[in-house]
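Here are my notes on this one, in the order I would go through them. Have a look at the model first, then read on.

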Amino acid sequence: MDEVIRLAHGSGGQLTHALIREVFLPYFDNPALAALNDSALLQLSGSRTAFTTDAYVVQPIFFPGGDIGRLAISGTVNDLSAQGARPVAISAAFIIEEGLRVAELQQVLASMAAAAREAGVAVVAGDTKVVPAGAADKLFITTAGVGTLLVEQPPTGSGARVGDAVIVTGTIGDHGMAVMAARAGLSLQGALRSDVAPLNHLVEGLFACGVEVHAMRDPTRGGVATTLNEIARASGVEIVIEEERIPVADEVKGACELLGFDPLYVANEGKMIVFVPVAHAERAIACLHSHALGRQAAIIGKVAKESKGRVLLRTAIGGHRILDMLVGEQLPRIC
C-alpha cells in the first residue's frame, strides 16, 4: 500500500479494493461487513428501532483527548442514546483528500475501532471517496447508526414537563475549547482535553436504576444554552438554571475568559442534558456518579412553568437574565 492516498484509491478499481481490504477491514472486521455487500443484513425484527446520521468535519482532525474518528463513533452513539436506544450498528463514509498520509488514516481508523469497542457497537458498512488536493480538508466522515429502543416511552426533545429537574452529566465546554486551543496552537492548552466519549453505557445505567427520563439531548454545537432553548421551545416550558451549579473545569473557565467565550455556548461531545421528575433527581445523580463518565453530574436547574419557551439564568448574585440561543457560529468545524 502506498504511503499517501491518491485519487486512484477512489476509482472503484484495484486500488480501491486494496484500500478497503488492507486498510479498512482489519479495523472493523465482522461478518456483516466482511461480506462487502451493498447493505449490511441485521437481525432487528421485533424491536423498535432508532436510526440517525451525521457528518464530521472537525479541524484539526487530531486534538487533545480525541480525533475525528472517535468523534464520529461517539457522536452517532450519543444521538441514539439520547433517544433511549441501544446502538447496534454504524455505517461510515469517508471523503479523503488526495495527499492524506495512510498512516494518519490508519490512526483515525484505530481510534474509531477503539471507540466502537468501548460502546459495544459494530461498524458494519462503509464507503470511500477520494477528492483532489484542495477539494476537502484532509478527511471528512459521514456516519449512520441504528439502535433498538430500551424503554416504552423514549425521551424526546419535546418531553420536558413542569417540575422536572435539569441535570448535566459533567463539566461543560471541554470539547470546544480543546479544539479551539489545538487549532490556534495556543500554549494555554495545558490540561484542556476534549470530553468526546460514547455515552450509551452511562445512559443505560439511568434506565437500569429506574429513573424516568422525560427529555434528553447531547449539547454539541451551540452548547448547553442552545440545547436548553431547543428543549424549552419544543416542550413549551420555561427553564431556570442556576449559574453556580453549572460544572465548568478551571482550565475551560480560564480559556473562555482569555478568549472571550461563554462556556454555556461551547460544544460538548461527552455530555448529556437530562430532564427527570424532581422525585427521581437524587436517584439519577447517584446513578450517574457511579459511572466514570458521570462523576461530576449535577442538578443545574428546573422546569419552572409552561410558556412559549425560554431559558433564564439565575446569576451568582441572585439576578436573572434571559439565556438565548447561539446566534451565528461561535466555533466553526468543531465536530
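**Notes on the strands, cysteines and cores**

1. Start with strand 1 (residues 49–56), which runs antiparallel to strand 6 and is joined to it by eight bridges. To find the pairing on screen, pick Thr49: its bridge partner in strand 6 is Thr148. Keep in mind that this is a predicted model.

2. Strand 6 has another partner too. Strand 4 (residues 85–97) is joined to strand 6 by eleven bridges, and this pair is antiparallel as well. Here Ala85 is a handy marker, since it stands opposite Leu149 in strand 6.

3. Is strand 6 mostly covered or mostly open? Mostly covered: of the eleven residues in 139–149, eight are buried.

4. Now the cysteines. A search through the whole structure turns up one disulfide, and it links Cys209 to Cys287, with the sulfurs 2.0 Å apart. The torsion about that S-S bond is about -125°, so the disulfide is left-handed. Cys209 sits in the loop between helix 6 (200–208) and strand 8 (215–217), while Cys287 belongs to helix 9 (residues 281–289), so the bond ties together parts that are 78 residues apart in sequence.

5. The two ends of that disulfide are worth a look for accessibility. Cys209 comes out at 34% relative accessibility and counts as partly exposed. Cys287, at 11%, counts as buried.

6. Why do Cys256 and Cys335 not bond to each other? The closest cysteine sulfur to that of Cys256 is in Cys335, and it is 17 Å away, which is too far for a bond; a disulfide here needs the sulfur atoms within 2.5 Å. Cys256 is buried, with 2% relative accessibility. Cys335 is buried too, at 13%.

7. On to the packing. The largest nonpolar core has 76 residues, and Leu105, Ile239, Leu264 and Phe275 have the most contacts inside it. Helix 4 (residues 102–119) gives the most to this core, with nine residues. A second core lies apart from it; this one has 21 residues, and Cys287 is among them, along with Ile167, Leu206 and Ala297. That is the Cys287 of the disulfide with Cys209.

8. If you want one residue to click on in the largest core, I would take Leu105. Leaving aside residues up to four places away in sequence, Leu105 touches Ile5, Leu19, Val23, Phe24, Ile96, Leu100 and Leu139. Two of these names lead back to the strands above: Ile96 falls within strand 4 (residues 85–97), and Leu139 within strand 6 (residues 139–149).

Terms used
Residues numbered from 1 in each chain as written. Predicted model: local features only at pLDDT ≥ 70, side-chain atom pairs only at ≥ 80, totals over all residues. Heavy atoms only, no water. Buried < 20%, exposed > 50% of the residue type's maximum accessible area, 1.4 Å probe, protein only. Helix = DSSP H or I, 4+ residues; strand = E, 2+ residues; numbered from the N terminus. Pairing = 2+ DSSP bridges. Core = buried A, V, L, I, M, F, W, Y, C linked by side-chain atoms within 4.5 Å. Contact = heavy atoms within 4.5 Å.
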